[in-house]
Structure formats: C-alpha cells, structure tokens
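Biologist: Could you walk me through this structure slowly, since I am new to reading such things?

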Amino acid sequence: MASREGFLTEEQRETMKLATHNAEVLSSSPKSPTSLLSEHLIKAPAGGKAATAGIVVRHVRRSHSGKLVRVKKDGAGGKGTWGKLLDTDGDSHIDRNDPNYDSGEEPYQLVGSTVCNPLDEYKKAVVSIIEEYFSNGDVELAASDLRELGSGKYLPYFVKRLVSMAMDRHDKEKEMASVLLSALYADVISSAQISQGFLMLLEAADDLAVDILDAVDILALFIARAVVDDILPPVFLTRAKKTVSETSKGYQVIQTAEKSYLSAPHHAELVERRWGGSTHITVEEVKKKITDLLREYVDSGDTSEACRCIRELGVSFFHHEVVKRALILGMEIRTAEPLMLKLLKEASEEGLISSSQTAKGFSRLAESLDDLALDIPSAKSLFQSLVPQAVSEGWLDESFLKSPAENGDVAVKDDKKLRRYKEEIVTIIHEYFLSDDIPELIRSLEDLGAPEFNPIFLKKLITLAMDRKNREKEMASVLLSALHIEIFSTEDIVNGFVMLLESAEDTALDILDASNELALFLARAVIDDVLAPLNLEEIGGKLPTNCSGSETVHMARSLIAARHAGERILRCWGGGTGWAVEDAKDKILKLLEEYESGGVVSEACQCIRDLGMPFFNHEVVKKALVMAMEKKNDRILDLLQECFSEGLITINQMTKGFARIKDGLDDLALDIPNAEEKYNFYVECAKKQGWIVPTFGDGLLNPVAVS
C-alpha cells in the first residue's frame with residue numbers, strides 16, 4: 001500500500017492492549033476506562049493527513065464511503081463500524097446504569113413456548129358451544145358449530161362433556177342435552193362415537209359422584225333415554241358391563257338403567273317425560289299453532305312469512321292439517337279464500353307441502369263435510385268448487401277427482417260406518433301402545449263387530465307403529481301374531497299388507513325409510529308364521545310391476561333368505577328388551593329349572609313376564625316340554641296351564657312351540673327314546689285344555705296314549 005495512514009505502530013498496539021485490559025478490570029469504577037487511555041494520546045503517524053491530527057484514533061473510524069465517522073466510546077459499534085476492538089468470547093459485564101448502556105448489547109435468550117394439545121383446545125371449544133346451546137336452545141346452530149370445529153375423532157369427548165355439564169344443571173338442560181344428541185345422531189355423530197362417549201362417562205362415574213348428587217341415577221337415566229331415543233343400542237349395556245369393574249359406580253349406573261328404567265312398564269313414556277319433555281309438542285299444540293299462523297296470515301297477507309312459519313313448525317308429516325284448516329278458514333271468511341288458495345299454491349310450488357299431504361288434507365275435509373255443513377251451510381258446494389280450481393292450478397293431483405278413496409282403502413265417500421271404525425281403531429291402537437294389553441285389544445275389536453274391516457286395522461296398526469319407536473314396532477308384530485288364528489284370517493293379513501304396499505310411495509313422504517320398515521314387517525310376519533313364504537308371492541302378484549311396493553316384497557324375500565334370518569329378524573327391533581336370543585334362551589332355561597326344582601307357579605309366571613319377549617314365548621313352551629320329557633316330571637305342564645289361563649302365552653305361541661318340538665323329534669329321540677310317545681300325549685293334553693287348535697297335527701303323527 002502507498003500509504004499507511006490510520007494504522008498503528010507496534011508500540012501503539014502494546015499500549016492499546018494494556019489500556020483495554022485495565023478498562024475491563026476497572027469497568028465498574030466511577031471513572032470511565034477512557035481516562036486511562038487519555039494518558040496515552042495516540043496519534044496517527046507523521047505521514048498521516050492533518051484531518052485526523054490531534055484526534056484519538058480510537059474514536060475515529062473511516063467508513064467504506066471514505067467519510068470519517070465518530071463512533072461510540074470504548075469502540076463498541078456505531079453505524080458502518082466493525083464493533084468493539086479486540087472482542088473476545090469471554091464473559092463481559094453490562095452495566096444498565098451506564099449512561100452509554102445499549103440494550104442491543106444484551107445477549108440473546110431463547111424463550112420456550114408451550115406446545116398446544118389439540119384435545120385440550122377441542123375441549124375448550126366444545127364447552128363454549130354447549131354453553132351457547134343451553135342459552136339459546138338452537139339445535140341447528142350447535143350442529144353447525146360442531147361441524148365447523150371438525151376433529152371428528154374427538155366427538156366422544158363432546159358426548160361426555162355435554163352429558164356431564166347437563167348432569168349438574170336443571171331438568172331443562174338435561175332434556176336439551178338428550179334432544180341435541182338425538183338431533184346430532186347419524187348426521188354429525190355416529191352410533192359408535194355416542195357409545196364411546198357414554199362408555200367414557202361410565203368410567204368417570206366415580207369422579208362424577210363426588211361433585212354431583214345422585215350422579216348414578218342421573219347418568220342411568222341419560223343412558224335409558226339414549227336407548228329409548230334409538231341412538232344407543234340396548235346391547236350397549238351388556239357390553240359395557242364387561243368393561244367396568246363390578247365395584248365401580250359405572251356398574252351401578254348400568255344396573256339402575258336396566259332395572260329401574262328400561263324394565264319398567266311403559267318405560268319409554270316414563271323416561272321421555274322424566275325431565276318434563278320441555279321440547280316435545282303435542283298434536284293439540286300443533287293444531288293451535290297452525291290456526292294462529294293462518295289467522296295472522298289473513299291479517300298480514302304476507303305469504304312468505306306464512307310459509308316460513310309453516311316450515312318452522314317442523315311437522316312435515318302433519319301438513320295435511322295446514323291444508324284442511326286453510327280451506328275451512330277460507331270457507332268461514334269468504335274474503336280470505338283467495339289468500340288461502342294463494343298460500344297453498346305457493347307452499348306446493350316450493351315443495352313445502354307435498355302432493356300427498358295436500359291430497360290427504362282435501363280427503364280429510366271431504367270426510368268431515370257433513371259435520372262442517374252444520375256450521376257452514378254452503379260447505380259442500382264451496383268444496384266442490386275448490387277442488388277443480390286446485391287441480392287446474394296444478395297443486396292438487398288429478399286423481400283426487402277420479403277416486404274419493406283415501407290411500408287406496410276399500411272405502412266409499414261419506415261412508416259413516418268406515419269413518420267411525422277408523423276413529424275407533426286409532427284410539428284402540430294408541431291404548432294398546434300404552435298398556436300392552438293384547439286380550440283387551442281383542443275384546444275391543446270384537447265389540448266393534450266389523451271383521452270386514454280387519455285389513456284396514458292391520459294397515460293402520462303398522463302405519464302408526466312405523467312412525468314410532470322400535471318398542472311400538474315390536475308390539476305391533478307381537479299383536480299381529482296374537483290376532484292371527486284368534487280373529488284374523490290369513491286373507492285379512494294378506495289384504496292388509498297389499499293396502500300398505502299400494503300406498504308405500506305416499507307413506508314414504510311422511511315416514512323416513514318406510515320401504516325398509518315395511519320389508520321388516522313382512523319378513524317378521526313370515527318368521528312368526530303369520531304368513532307363509534308363498535303369501536309373499538301372492539302379495540307381489542296383486543301389486544303393479546315396477547312399483548315401490550314390489551321392491552319392498554323383493555327386499556322381504558332377501559331378508560328371509562339370509563343366513564340366520566330367523567334370529568336377526570326377531571331382534572330387528574330389540575325384542576322389547578334388546579337381549580340376544582341366546583341370552584333369552586339361557587334365562588328361560590334357568591327359570592324352568594328353578595320351577596321344576598320346587599318353585600312357585602306365580603313366581604315363574606312373573607319371570608316369564610319380566611323377560612318382556614312375548615313373541616318368543618314359544619321357546620318357553622318348547623323348553624318346558626323337553627324338560628318334562630327328560631325329567632319325567634309332568635308338573636311343569638301346570639306352569640303352561642297357568643300361563644295360558646293368564647293370557648301370558650297365546651294359542652299362537654303354544655302352537656308354535658309344539659310345532660318346533662315336532663320338527664325336532666328325530667334329534668330328541670336320540671336322547672329320549674320315548675320322545676314321540678310323550679309328545680303325542682302332551683298334544684292330546686293340550687287339545688283338551690284348549691292350548692292348541694283341535695286340528696293340530698292331524699295326519700302327521702298317530703297319537704299313542706301314555707299313562
């Protein structure tokens with residue numbers, strides 16, 4: 001280099017090292033380290049420029065642009081500088097009280113942050129959703145928020161949190177929690193996730209009992225309600241017993257749910273109303289709401305608002321009542337007729353009121369015209385003018401003009417006898433669903449004295465059952481078995497199913513999954529020997545080809561042809577208790593053994609009644625007869641006599657039990673050599689007692705008297 005200006009000599013470097021060392025030692029003294037350097041004024045060599053003469057080199061640096069820059073004291077930093085001279089890796093002390101303190105000189109520190117657990121975040125979010133739901137009662141909003149939250153794998157925790165929060169609140173929140181679970185079932189939360197959530201609650205029952213009074217009873221009621229609402233399978237209780245300790249509160253919960261709630265008479269109604277059923281709405285309340293909204297519509301004339309109110313009712317299956325009441329109101333207030341017709345037309349075009357519900361509303365009004373004419377003399381003429389207008393505008397099906405019959409029933413317009421019969425049987429069926437009293441129902445039907453309408457009774461029975469829970473479906477099948485042989489002929493049953501299948505498309509508009517439900521009823525009738533498999537072909541032959549009813553018959557055949565069809569179809573609606581067939585067989589065997597070893601007849605009858613499976617009583621008959629053969633003790637026949645006298649076991653179930661023994665005689669003879677002789681003796685006894693029909697077994701076996 002041509003010039004060495006700005007560089008230090010060796011002597012100057014030695015002086016600088018000494019000064020720096022002293023500065024580090026005395027940095028905490030009141031004196032600044034620069035005082036030490038002031039004694040050694042370091043100047044540039046003689047060859048340097050005058051611009052730097054007399055300035056301490058330490059505080060002057062030349063930037064890359066050639067400008068002279070004055071830097072911070074002690075040589076530490078400054079824009080365009082290389083930092084402190086002779087920086088070392090050793091620890092240095094920073095005095096925050098120093099006037100020249102620079103926070104930038106502080107050493108960096110790594111600050112740790114907590115890693116978020118997704119489950120913890122999910123739990124916090126669902127608490128907010130549940131609290132909001134308890135405040136506003138908006139099921140749709142809660143479902144939407146839960147969908148947006150995602151994390152489907154954590155949904156069992158939502159079930160657990162919802163129930164546990166409701167358990168510590170009033171009955172209103174408990175009812176709301178049960179309603180929300182029913183609404184979320186299948187659409188948002190799967191059956192398996194609900195089961196997992198309740199299993200988690202059972203495992204946490206001991207902890208819940210510490211904070212919540214009567215936690216065992218409340219949780220048992222939640223589980224019973226879930227079973228009644230068909231969102232939790234009855235077999236859940238059996239499986240859960242295997243996963244919780246017998247000494248735990250969870251086990252007590254299961255026992256309470258089984259014994260105190262699900263085994264009680266009319267348990268479904270009791271469980272549903274235990275918390276007041278605040279979200280339920282009766283038929284009368286719906287009718288009042290419909291009348292109020294129609295009268296408001298007459299005053300306002302706002303069709304869109306009226307449609308919104310109809311939609312908010314959430315009773316699409318009851319829209320025929322809207323049609324009927326709108327037409328009546330139009331007849332009562334003549335100036336309101338154009339408004340009512342406009343509303344019905346718009347509701348039909350929007351798909352709010354289905355064509356089936358519209359036709360049903362007109363049909364119901366047609367049936368009540370005689371009574372209506374007492375208040376509105378011109379009712380018949382007004383109705384006759386309304387029908388063509390509705391048909392011409394396209395919101396009433398043309399078939400209504402051709403056939404006054406309702407839903408394919410063998411009915412005649414203004415047939416008072418049929419109308420009265422239909423009203424009576426609806427009451428009878430509702431009473432049966434509440435009382436489960438088959439003999440009383442049969443007496444009521446006999447009092448009506450209209451056996452020609454038996455097919456209509458069957459149609460109404462199954463239609464009402466389809467729109468209810470599994471308990472009522474099971475009761476309808478059991479009743480059908482009892483009615484067969486007693487007062488219904490096979491022809492009545494065939495015609496009743498034909499009526500059902502002919503109206504299957506209309507039924508499907510009001511009842512979800514109607515086709516599958518009808519197929520199960522048909523298959524169950526075959527399994528219960530109410531219908532023969534050939535009757536299915538007869539029913540199919542009476543239906544139009546390629547209609548939904550024909551598909552239902554085909555589906556029923558497929559169900560019957562499946563492997564283990566009998567047991568599966570018998571359990572399709574839970575059999576009243578949800579027990580597996582093998583469990584029921586074990587219980588029947590135990591109660592018969594207890595009776596045979598010296599038990600009391602009344603106690604044995606009560607045990608059979610407690611099984612809650614009247615459709616399966618033929619198994620009681622079969623096992624009782626086999627036990628009598630094996631033990632050579634005919635005392636057990638006294639039990640069958642008592643069961644028959646009380647109406648606990650019907651003729652149909654007796655006949656079926658004897659028939660099953662007859663079918664298995666060859667196998668029985670391997671263990672009981674005189675099985676056939678014993679069987680013939682029991683058949684004769686049964687005929688004398690009236691347990692089975694006198695013609696049973698004629699031509700199949702030669703009765704041999706056995707002393």
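Modeller: We will begin with the whole chain and then turn to some helices and ring pairs, keeping in mind that this is a predicted model.

Biologist: Okay, how many helices and strands are there in the chain?

Modeller: The chain holds 37 helices and two strands, and buried residues make up 42% of its 707 residues. Among the contacts with a separation of 6 or more, 71% are between residues 24 or more positions apart.

Biologist: And what supplies the area that the chain exposes?

Modeller: About 37900 Å² is exposed by the chain, and carbon and sulfur atoms supply 51% of that area.

Biologist: Let's pick one helix. How far apart are the end C-alpha atoms of H5?

Modeller: They are 18 Å apart, which agrees with the span that the 13 residues of helix H5, residues 155–167, should have at 1.5 Å a residue.

Biologist: Is H5 mostly covered or mostly bare?

Modeller: H5 is mostly covered, as ten of its 13 residues are buried, including Leu155, Pro156, Phe158 and Val159. What covers these buried residues includes helix H3 (118–136), helix H4 (139–149) and helix H6 (171–184).

Biologist: Changing topic, how many aromatic pairs does a search of the whole structure find?

Modeller: The search finds eleven aromatic pairs. In one of them, the rings of Tyr154 and Tyr157 have centres 6.2 Å apart and planes at 70°, so the pair is edge-to-face, because planes over 60 degrees apart count that way.

Biologist: Are those two tyrosines, Tyr154 and Tyr157, buried or exposed?

Modeller: Tyr154 is buried, with a relative accessible area of 14%, whereas Tyr157 is partly exposed, with a relative accessible area of 29%. Ring pairs also link Tyr154 and Tyr157 with Tyr122 into a cluster.

Biologist: What about the pair of Phe457 and Phe488?

Modeller: The ring centres of Phe457 and Phe488 lie 6.0 Å apart with the planes at 85°, so this pair is edge-to-face. Phe457 lies in helix H23 (residues 454–466) and Phe488 in the loop between helix H24 (470–486) and H25, so the pair ties together parts that are 31 residues apart in sequence. Phe457 and Phe488 are both buried.

Biologist: You mentioned H25, so which residues are buried there?

Modeller: The buried residues of H25 include Asp492, Ile493, Val494 and Gly496. This helix, residues 490–502, reaches 18 Å from its first C-alpha to its last, close to the 18 Å expected.

Biologist: Last one, what sits over the ring of Tyr595?

Modeller: The charged end of Arg635 sits over that ring, 4.3 Å from its centre.

Methods:
Residues are numbered from 1 along each chain as its sequence is written. This is a predicted model: local features need pLDDT of at least 70, side-chain atom pairs count only at pLDDT 80 or more; totals for chains, interfaces and linings use all residues. Side-chain values use heavy atoms; hydrogens and water are left out. Helices (H or I, at least four residues) and strands (E, at least two) are DSSP runs, numbered from the N terminus. The expected span of a helix is 1.5 Å times one less than its number of residues. Buried means under 20% relative accessible area, exposed over 50%, partly exposed in between (1.4 Å probe, protein chains only). Contact means heavy atoms within 4.5 Å. Rings of Phe, Tyr and Trp (its six-membered ring) pair if their centres lie within 6.5 Å; planes under 30 degrees apart count as stacked, over 60 as edge-to-face and the rest as tilted. A charge sits over a ring if NZ of Lys or CZ of Arg is within 6 Å of the ring centre and within 35 degrees of the ring normal. Accessible areas come from the Shrake-Rupley method with a 1.4 Å probe; for residues, only the protein chains shown count as cover.
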